[in-house]
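Here are my notes on the model you passed along. Have it open in a viewer while you read.

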Amino acid sequence: MSHRGERDGSSTLLTGHGHVLVEIARSPNARIRDISAVVGLAERTVQAIVADLEAAGYITRHRTGRRTRYTVRHDSQFRHPAQEGLRVGPFLAVLATAGEAGDTTPGPNDK
């Protein structure tokens, strides 16, 4: 399955891991199937990404009956040296709320 932004030959700013993390921040009760549909990746790929994110300490997962709830660890830090010392929470706060109904907050480059 191709990624939405790659269908027309263009690239996207975020990796699959980034898209999944943002979707978990938006919808912590979402199932793998739901996340897969939103980010445009196969369910098996999303499962692997969720496992990677958990192993890296970005999320935790909690079972409630048959459902799994994901919690983003907003205090976790980016792992790349270019973002050394930066926490994922503020980054996700911007992306997780972007595009919500009624969100008219201008961005830094909006005039």
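The points below go from the overall layout to helix packing, the core and one aromatic pair.

1. Layout. Keep in mind that this is a predicted model. The protein chain has 4 helices and 2 strands, and reading along the sequence gives α-α-α-β-β-α. Of its 111 residues, 28% count as buried. As for contacts between residues at least 6 apart in sequence, 42% of them join residues at least 24 apart.

2. Helix α1. This one covers residues 16–26, and its buried residues are Gly16, Gly18, Val20, Leu21, Val22, Glu23 and Ile24. What covers them? The cover includes three other helices, α2 (32–39), α3 (43–55) and α4 (88–97), plus the strands β1 (59–64) and β2 (67–72).

3. α1 against α3. How do these two helices cross? Their axes come within 10 Å, at an angle of roughly 80°. With 65 to 115 degrees as the window for roughly perpendicular, that makes α1 roughly perpendicular to α3. On the α1 side the contact uses Gly16, His17, Val20, Leu21 and Ile24, and on the α3 side Val46, Ile49, Val50, Asp52 and Leu53. Sorted by class, that is 7 nonpolar, 2 polar and 1 charged residues.

4. α2 against α3. Here the axes come within 9 Å and cross at roughly 105°, so α2 and α3 are roughly perpendicular to each other too. Ile32, Arg33, Ile35, Ser36 and Val39 from α2 meet Glu43, Val46, Gln47 and Val50 from α3. The class split for this contact is 5 nonpolar, 2 polar and 2 charged.

5. The core. Which residues of the largest nonpolar core touch the most other members? Out of 19 residues, they are Val20, Ile24, Val46, Val50 and Ile59. α1, α2, α3, β2 and α4 each put in at least two residues. Val20 is worth clicking on: leaving out residues up to four places away in sequence, Val20 touches Ile35, Val39, Leu41, Val46, Ile49, Val50 and Leu53. Val46 and Val50 turn up in the α1–α3 contact and again in the α2–α3 contact.

6. Glu23. Is this glutamate of helix α1 buried or exposed? Its relative accessibility is 8%, and the cut-off for buried is under 20%, so Glu23 counts as buried. Again leaving out residues up to four places away in sequence, Glu23 touches Ile35, Val38 and Val39. Have a look at how that side chain is placed.

7. The aromatic pair. Searching the whole structure turns up 1 aromatic pair. The rings belong to Phe78 and Phe91, with centres 5.5 Å apart and planes at 75°, and because planes over 60 degrees apart count as edge-to-face, that is what this pair is. Phe78 sits in the loop between β2 and α4, while Phe91 is in helix α4, so the pair links distant parts of the chain, 13 residues apart. How accessible are the two rings' residues? Phe78 has a relative accessible area of 25%, which makes it partly exposed. Phe91 is at 34% and counts as partly exposed as well.

Definitions and conventions. Residues numbered from 1 in each chain as written. Predicted model: local features only at pLDDT ≥ 70, side-chain atom pairs only at ≥ 80, totals over all residues. Heavy atoms only, no water. Buried < 20%, exposed > 50% of the residue type's maximum accessible area, 1.4 Å probe, protein only. Contact = heavy atoms within 4.5 Å. Axes fitted to C-alpha atoms, helices over the stretch in contact; angles between N-to-C directions. Parallel < 35°, antiparallel > 145°, perpendicular 65-115°, else oblique. Nonpolar A, V, L, I, M, F, W, Y, C, P; charged D, E, K, R; others polar. Phe/Tyr/Trp six-rings, centres within 6.5 Å; stacked < 30°, edge-to-face > 60°. Core = buried A, V, L, I, M, F, W, Y, C linked by side-chain atoms within 4.5 Å.
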